[in-house]
Amino acid sequence: MAAWAVLAAAGRGERLGADRPKAFAKLRDRPLLAESLERLEASAWVDAIVIVAPPGWEEPSILVAEELGCSKVVSCVAGGETRAESVRAGVAEVGHDAAVLLVHDAARPVLPEEVLERVLTALNEGWDGAVPVLPLVDTVKRVRDSQVVETLPRGELVAAQTPQAFVAPVLREALAGDLAGATDCAALVEARGGRVTTVAGDPRLLKVTDAADLELVASFL
């Protein structure tokens, strides 16, 4: 059962204040992209990798892969205006032998092998998709025009992370539809009636959005 990974690395990263896309911000002494790419390459669960790069940064992305000796990278394509469009571009490069599609954000560079195992093995239980999650510790309120209109039941809420794993035909079909408003792949599959389960996430899968996040992630390494 071939498992292909789509590494979404096309984010602009404007909140980092860098002179380059987020995937090429420096994490210690190398591009942010290198950390998750190296971990996907080393994983026995992953057979092939497609990189979705910032437009115009395809060649530098391939150079990073070559410098790391990433033989599993089979393609690198430019991303779109939204994350969902970028993932669709990446999935279009995936071979027809893929039974499972794994989508991961390069902005979450510390990718534990055990999380990869959890999302992929969950598909063997008959689910269409699997998402790593963390429980929320804060009370969450719905606000409209600065006014609290509802306090949500925290016990039913989780924070979703990546990597997210899907049965390949299910994700392909979901990506063929309307992508508007989707902030992760699971939302697209859910909208099509797909059955998505959750597995334990990991606090180290922090999403880098600003310079403070980069410093915190570096402390995990």
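These legends accompany an overview and three close-up views of a predicted model.

**Overview. The whole chain and its dimensions.** The C-alpha trace spans about 50 × 40 × 30 Å along its principal axes. Its secondary structure comes to 7 helices and 12 strands. A compact globule of 221 residues would have a radius of gyration near 17 Å, and the chain agrees with 17 Å. Of the 221 residues, 48% count as buried. Among contacts with a separation of 6 or more, 72% join residues 24 or more positions apart. The accessible surface is about 10,800 Å², and carbon and sulfur atoms hold 49% of that area. Side chains carry charge at 22 positive and 33 negative places. The centres of these two sets lie 4 Å apart.

**Close-up 1. The cis peptide bond between Thr162 and Pro163.** Omega is about 15° here. Most peptide bonds are trans. Pro163 sits in the loop that runs from strand S10 (158-160) to strand S11 (164-167).

**Close-up 2. Arg28, a non-glycine residue with positive phi.** The phi angle of Arg28 is about 60°. Most residues other than glycine have a negative phi. Strand S2 (26-27) and strand S3 (30-31) flank the loop that holds Arg28. Is Arg28 buried or exposed? Its relative accessible area is 55%, over the 50% cut-off, so Arg28 counts as exposed.

**Close-up 3. Ser146, another non-glycine residue with positive phi.** Phi of Ser146 is near 70°. The loop around Ser146 links strand S8 (141-144) to strand S9 (147-151). Ser146 is exposed, because its relative accessible area of 74% is over 50%.

Definitions and conventions: Residues numbered from 1 in each chain as written. Predicted model: local features only at pLDDT ≥ 70, side-chain atom pairs only at ≥ 80, totals over all residues. Heavy atoms only, no water. Helix = DSSP H or I, 4+ residues; strand = E, 2+ residues; numbered from the N terminus. Rg over C-alpha atoms; globule rule 2.2 N^0.38 Å. Buried < 20%, exposed > 50% of the residue type's maximum accessible area, 1.4 Å probe, protein only. Contact = heavy atoms within 4.5 Å. Areas by Shrake-Rupley, 256 points an atom, 1.4 Å probe, with all protein chains shown as cover. Lys, Arg positive; Asp, Glu negative; His and termini not counted. Charge placed at Lys NZ, Arg CZ, Asp CG, Glu CD.
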